[in-house]
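Work through the following exercises with the sequence and the model open beside you. Each exercise sets a task and then solves it step by step.

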Amino acid sequence: MTSMTVGNTAMQRPTDATATGAAVDIDQVAVRFHTKKKDVTALTDVSLRIEPGEFVSIVGASGCGKSTLLKLVSGLLRPSSGQVRLHGEEVRGPRRDIGYVFQRAALLEWRTARRNILIQAEMRRMPKTQARQRVEELIAMTGLTGFEDAYPNELSGGMQQRVALCRALLHRPPVLLMDEPFGALDALTREQMNVELRRIWRETGTTVLLVTHSIAEAVYLADRVIVMTPRPGTVAEVINVDLPVERDYGQTMAAPEFARATGRIRDLLGATTTAE
Amino acid sequence: MAAQSTIEQRERPASPSGPTSTARRPAGAGTTVARFVRKTWRPAAVLVAIFVVWWAVTAANLVKPYLVPSPGRTLDVVLAQSGYFAHHTWITSYETVLGFAIAIAVGVLSAVVMVYSPTIEKSLYPLLLFAQVIPKIAIAPLFIVWLGFGLTPKIVVAVLMAFFPIVISTVTGLKSIDPEMLQLSATMGAGPAQTFRKIRFPAALPHLFAGLKVAATMAVTGAVVGEFVGANEGLGYVILQANGNLDTPMLFAGLLIMSLLGVVLFVVVELLEYFVLPWHASRRTDAVTTSL
Ligand SMILES: Nc1ncnc2c1ncn2[C@@H]1O[C@H](COP(=O)(O)OP(=O)(O)O)[C@@H](O)[C@H]1O
Ligand SMILES: [Mg+2]
């Protein structure tokens, strides 16, 4: 299976992974919601191509359809028109070959951190020993060591999100979807999580789609930032982030390229919000 | 002191390697019981106080003994006729527990069906509400007519009384699940049965237990109501007999035992909750201790 081919290729350079078949291919997609009160067009004419191993951030005003976009990719939602393909295969229903992280960690209160991660393995009926081993690996990778047996209500927000991230990575998904995963964290924890996510992404080599409200987070983490227009959402511009693969947090913040990219995004978002 | 040491135990971090951790392990059986005792001594004290007042009122002859018998006389009646009381208590307990058990089975099952099928929910809800609002005392005679003079009609009334809070709480619990949790489950490739067993049902348990506690007390009432309408045994029958004979000590004894039955069932459910949901109970107790 494809999910097994992605290993811990520590030094993978995602920018080199060129057109060998897209990880995610969104083609002319529109999503309309029909509710009792009114019909909402959440997305119109969205086309995107994301290469394997790429880190892509998505920014845009609230309600512009960012979450909707991730749900399309995961198959939790069907497009009203257009097509979504994962590794060349059309998405028709919930996909198992993705990992999902939400803003709220969505942990099971009655399970310890370790067993919250293991639920992924249980649902997939993975061999027990293999799953156990993988959990220990992830716990070490995300810095959860020492908190394995704590219950969610005993963990800080950052720790809870680490658990959610481990759960999403357990089955080595080729694509990781993150919907404002650090939105509820304080600024300091958030920076720390950004640095860790960047490192984890490089260690795992998964394709990441990250929705965020933080422009700095979007640029620091991504190869490309997709800026969306307000509702009905579509792609306003795709910003290529020309920063080195090795990104020290402080140095990156001070880099001219970082200022250029964040400035451009801010202009776009500002322009789109005043137009609203 | 003993209480001191359990508090220390509880607040010791579970993970010494995590310096900022406030993590606590769920309490073992020992601390759970200790916690339970710590939580129940206050209401117990109030109960004792009520008995003292009752005793003082009768001892000071403030009311006529045939209106309010003394605690001593009431106890004497129970002891003198312990066999009689044991039999009737057993009958009412049997009806109550059986009615409660059936109510749990039927209640939880209907709740699950209703949550998974909006059509069934819409068609069943009015019926449910009707079954709830109809006065049980009024419908009980009908059950006697239909089901005879035995224990069955009493059990049916107990089921009817206990059923409603169980259904409502289970439906609420099953619906309270975070929709993102269900979406996550779908991306894990879990089927509906797996999602129910590992996520949805455990998540509903705190609500379910809240309903069970209400239902436990309702089941006792149901059994006694059933006995009131027509019976030759059970605590309801004992009270009716005592009432007819103006035998207030007997009446008081019957009432006390009946209340005790409800309290015991309630406590059993609460204890069960402590053991089944340590994660939930511990959090609740923490809230209580910090408010002290
Ligand atoms: N299930 C739904 N039913 C109706 N409208 C929806 C639904 N999900 C999202 N929407 C609407 O679609 C738009 C985009 O939603 P969303 O993707 O959640 O935005 P974002 O994540 O960018 O804030 C919003 O206007 C929202 O109200
Ligand atoms: Mg959103």
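In chain A, residues 24–255 carry the UniProt annotation "domain: ABC transporter", taken from an unreviewed entry; UniProt positions are given in the numbering used here, feature names are shortened, and annotations may be inferred rather than shown by experiment. This is a predicted model, in which local features need pLDDT of at least 70 and side-chain atom pairs count only at pLDDT 80 or more, while totals for chains, interfaces and linings use all residues. Residues are numbered from 1 along each chain as its sequence is written, chains are lettered from A and ligands numbered from 1 in the order in which they are written, and side-chain values use heavy atoms, with hydrogens and water left out.

**Exercise 1. Describe the annotated spans of the two chains.**

Step 1. Over residues 24–255 of chain A, the span is 34% helix and 26% strand, and its end C-alpha atoms lie 30 Å apart; helices (H or I, at least four residues) and strands (E, at least two) are DSSP runs, numbered from the N terminus.

Step 2. For chain B, the UniProt annotation "domain: ABC transmembrane type-1", again from an unreviewed entry, covers residues 89–273, and this span is 88% helix and 0% strand.

Step 3. The UniProt record, an unreviewed entry, also places the feature "transmembrane region" at several spans of chain B, including 128–149 and 155–174. Residues 128–149 of chain B are 82% helix, with end C-alpha atoms 26 Å apart, and residues 155–174 of chain B are 100% helix, with end C-alpha atoms 27 Å apart.

**Exercise 2. Find the domains of chain A and describe how they meet.**

Step 1. The domain assignment gives domain 1 of chain A as 35–97 + 173–270 and domain 2 as 105–172, the bounds coming from an automatic or database domain assignment. Their centres, taken over C-alpha atoms, are separated by 24 Å.

Step 2. The contact (heavy atoms within 4.5 Å) takes 16 residues from domain 1 of chain A and twelve residues from domain 2 of chain A.

Step 3. The size of an interface is often given as the accessible area lost when the parts come together. Here the two domains of chain A bury about 1200 Å² between them, with 64% of it on carbon and sulfur atoms; buried area is the accessible area (1.4 Å probe) that two parts lose on being put together, summed over both. On the side of domain 1, A:Arg96, A:Pro173 and A:Ile200 lose the most area to domain 2, together 41% of what that side buries.

Step 4. The rule finds one salt bridge across this interface, where a salt bridge is a side-chain nitrogen of Lys or Arg within 4 Å of a carboxyl oxygen of Asp or Glu. A:Glu196 forms a salt bridge with A:Arg162, and their closest N and O atoms are 2.8 Å apart.

Step 5. The elements that give two or more residues to the side of domain 1 that touches domain 2 are strand E7 (175–179) and helix H6 (187–204) of chain A, and H6(A) gives the most, with nine residues.

**Exercise 3. Which residues of chain A lose the most area to chain B?**

Step 1. Begin with the contact, which takes 28 residues from chain A and 28 residues from chain B. Chain A and chain B bury about 2700 Å² between them, 61% of it on carbon and sulfur atoms.

Step 2. In chain A, the residues that lose the most area to chain B are A:Trp110, A:Met123 and A:Glu154, together 27% of what that side buries.

Step 3. Three salt bridges are found across the interface of chain A and chain B, and B:Asp178 meets A:Arg104 in a salt bridge at 3.6 Å, N to O.

Step 4. Strand E6 (98–101) and helix H3 (113–124) of chain A are the elements that give two or more residues to the side of chain A that touches chain B; the largest share, five residues, comes from H3(A).

**Exercise 4. Which parts of chain A does the salt bridge of A:Asp25 and A:Arg85 tie together?**

Step 1. The side chains of A:Asp25 and A:Arg85 meet in a salt bridge (3.2 Å, N to O).

Step 2. A:Asp25 lies in strand E1 (residues 24–34) and A:Arg85 in strand E4 (residues 81–86) of chain A, so the pair ties together parts that are 60 residues apart in sequence.
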